[in-house]
Amino acid sequence: MRMYDLITKKKHGEALTNEEIKFMVEGYVKGEIPDYQMSSMLMAIWFKGMNDEEITELTMNMAKSGDMIDLSAIEGLKVDKHSTGGVGDKTTLVVSPIVAACGGKVAKMSGRGLGHTGGTVDKLEAIPGYRTTLDRKEFFDTVNKCGMSLIGQSGNLAPADKKLYALRDVTATVDSIPLIASSIMSKKLAAGSDCILLDVKTGSGAFMKTLDDSIKLAQTMVAIGEGAGRRTMALITDMDTPLGYGIGNSLEVMESMDVLKGKGPKDLTEVCLQLAANMLYLIGVHDDLDECRKAAEKVIEDGSAFEAFCTMVREQGGDDSVLRDYTKFAQAPYTQEVLADKDGFVTRMNAEEVGVTSVVLGAGRETKESDIDFSAGLVIHKKPGDEVKKGESLVTLYTSKKEALAEAERMYREAVIIGSEKPAVEPLVYARVEKDKVEKY
Ligand code: URA
């Protein structure tokens with residue numbers, strides 16, 4: 001078999017056979033297929049797509065390229081959650097302790113920030129002392145003891161995805177349904193949970209910009225998960241506007257803790273409650289989704305979800321006192337307000353540009369090697385629909401790089417549009433996708 005022939009086949013829109021996909025994934029992981037040929041294949045897939053059988057085969061081969069984690073040492077039903085990536089998306093920090101406090105088990109391996117989107121592992125590392133690398137036994141023991149453990153992806157989890165993702169990132173081939181679906185589902189299947197809830201983001205800050213594409217991506221991933229014997233569902237949630245008000249690593253931990261303390265922003269709280277309710281539904285805590293939601297609300301009200309998070313943080317070496325007293329987080333030495341230059345309403349906010357602004361301030365990586373500034377980021381004061389008066393603050397910028405402030409202010413101003421008409425309120429959750437069923441809200 002020759003990679004050249006497979007590229008030619010895909011270029012003409014033909015389906016690859018199971019043997020061909022296996023040859024391609026194995027050859028690429030072993031280094032026998034060079035990046036330039038795989039880049040060409042990725043671009044051919046981007047243009048010509050893949051049928052369901054090809055996507056499933058690609059996913060399974062990517063999943064099996066490394067460890068397939070056996071979570072049977074953890075008692076009870078394990079539920080995982082995965083977001084397709086967004087700005088201000090800190091829901092894992094909120095939903096995992098909610099599920100744990102309700103009796104579910106969350107053994108979750110998360111990723112780092114990617115481009116304009118943040119990553120859970122970077123956020124967790126903003127908590128002093130918190131260890132995101134545990135050996136397998138410590139990981140299982142922590143889940144058994146705390147109901148949850150949040151760590152980084154182990155070195156050998158779906159290495160095919162690691163290699164392919166890095167290549168897609170630099171060859172403009174990230175935003176392709178077969179490639180995103182196989183990337184995400186290969187990691188989820190390898191990570192071993194019985195149930196998987198997918199949070200598929202839609203809008204300007206998401207990889208999928210339209211609702212139709214987001215639903216198609218969700219259906220593709222749900223079909224792969226169900227086909228592999230895992231209970232899988234998806235919610236399509238808004239990422240046209242950043243989620244919550246804080247963007248940046250410690251700022252996002254603080255906002256997540258506010259939600260767990262019952263005083264978080266409405267949008268973030270609502271999305272988290274819906275995600276948590278669906279996770280509880282998947283593992284059968286209640287047969288009825290409304291009952292699952294009530295259970296999620298209750299563990300926020302009685303403080304047990306917050307305590308579950310603190311317990312896990314201590315167990316993993318972190319200082320949970322910062323979660324009670326936010327002044328103990330490293331503080332950014334420079335702050336700046338961006339003031340409105342006219343009266344009106346915030347009519348639009350480009351989530352991707354807001355995400356890039358936070359990267360410029362130091363909250364994300366400019367290059368793979370860059371260090372993260374945990375204190376950097378921004379706190380939005382006015383979101384779409386809010387009235388604003390000239391001279392009022394739209395956002396506070398936080399950074400350790402004074403020289404970044406001017407550029408960040410310029411970018412933020414470009415990301416936010418102030419108009420004279422109050423815009424219509426967009427939904428936070430657009431749809432719920434189950435096997436063979438799409439429910440639009
Ligand atoms: N997240 C992933 O893990 N993979 C993708 O391709 C996109 C988002």
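Q: How far is the polar side-chain atom of Lys 187 from an oxygen atom of the ligand?
A: The two atoms are 2.4 Å apart. That sort of pair is a polar contact (N or O atoms within 3.5 Å). Keep in mind that this is a predicted model, where local features need pLDDT of at least 70, side-chain atom pairs count only at pLDDT 80 or more, and totals for chains, interfaces and linings use all residues. Residues are numbered from 1 along each chain as its sequence is written, and side-chain values use heavy atoms, with hydrogens and water left out.

Q: OK, and which ligand atom does Ser 183 go for?
A: A nitrogen atom of the ligand, which sits 2.6 Å from a polar side-chain atom of Ser 183. Arg 168 joins in too: an N or O atom in its side chain is 2.9 Å from an oxygen atom of the ligand.

Q: How much of the ligand does the protein bury?
A: On its own the ligand exposes 240 Å², and the protein buries 93% of that (Shrake-Rupley areas, 1.4 Å probe).

Q: Which elements give two or more residues to the shell around the ligand?
A: α8 (159-170) and α9 (177-191) do. α9 gives the most, with 4 residues. Helices here are DSSP runs of at least four residues, strands of at least two.

Q: Who else is in that shell around the ligand?
A: Besides Arg 168, Ser 183 and Lys 187, you get His 82, Thr 84, Tyr 165, Ile 180, Ile 184 and Phe 207. Each has a heavy atom within 4 Å of the ligand. By class the shell has 4 nonpolar, 3 polar and 2 charged residues, with Tyr, Cys and Pro counted among the nonpolar and Gly among the polar.

Q: Switching topic: how is the chain divided up?
A: Into domain 1 (3-49), domain 2 (79-324 + 429-440) and domain 3 (330-419). Those bounds come from an automatic or database assignment. The centres of domain 1 and domain 3, taken over C-alpha atoms, are 41 Å apart.

Q: What volume does the second largest pocket have?
A: About 590 Å³. A pocket is an open set of points on a 1 Å grid, with protein on both sides within 12 Å along at least five of seven lines, and its lining residues have an atom within 4 Å of a point.

Q: Which residues lie nearest the centre of that second largest pocket?
A: Thr 241, Pro 384, Val 425, Glu 426 and Leu 428, out of 23 lining residues. The lining splits into 11 nonpolar, 3 polar and 9 charged. α12 (266-282) and β8 (344-349) each supply at least two residues, and β8 gives the most, with 3.

Q: Which domains does the lining of that pocket draw on?
A: Domain 2 and domain 3 each give at least three residues.

Q: How many cavities of 30 Å³ or more are there?
A: The structure holds 3. A cavity is a set of points where a 1.4 Å probe fits but cannot get out, and a volume is the space filled by probe spheres on the points. The largest cavity is about 160 Å³.

Q: What lines the largest cavity?
A: It has 24 lining residues, with Thr 117, Gly 118, Ser 358, Ala 363 and Gly 364 nearest its centre. They divide into 6 nonpolar, 13 polar and 5 charged. α6 (120-124), α11 (249-260) and α16 (351-361) each supply at least two, and the largest share, 3 residues, is from α16. Domain 2 and domain 3 each put in at least three residues here.

Q: And which residues line the second largest cavity?
A: Met 24, Val 25, Met 38, Met 41, Leu 42, Ile 45, Leu 58, Leu 164 and Leu 179. That makes 9 nonpolar residues, no polar and no charged, around about 50 Å³ of space. α2 (18-30) and α3 (35-48) each supply at least two of them, and α3 gives the most, with 4.

Definitions and conventions: A polar contact is a pair of N or O atoms within 3.5 Å; within protein, one must be able to donate a hydrogen and the other to accept it, and residues adjacent in sequence count only if both atoms are side-chain atoms.
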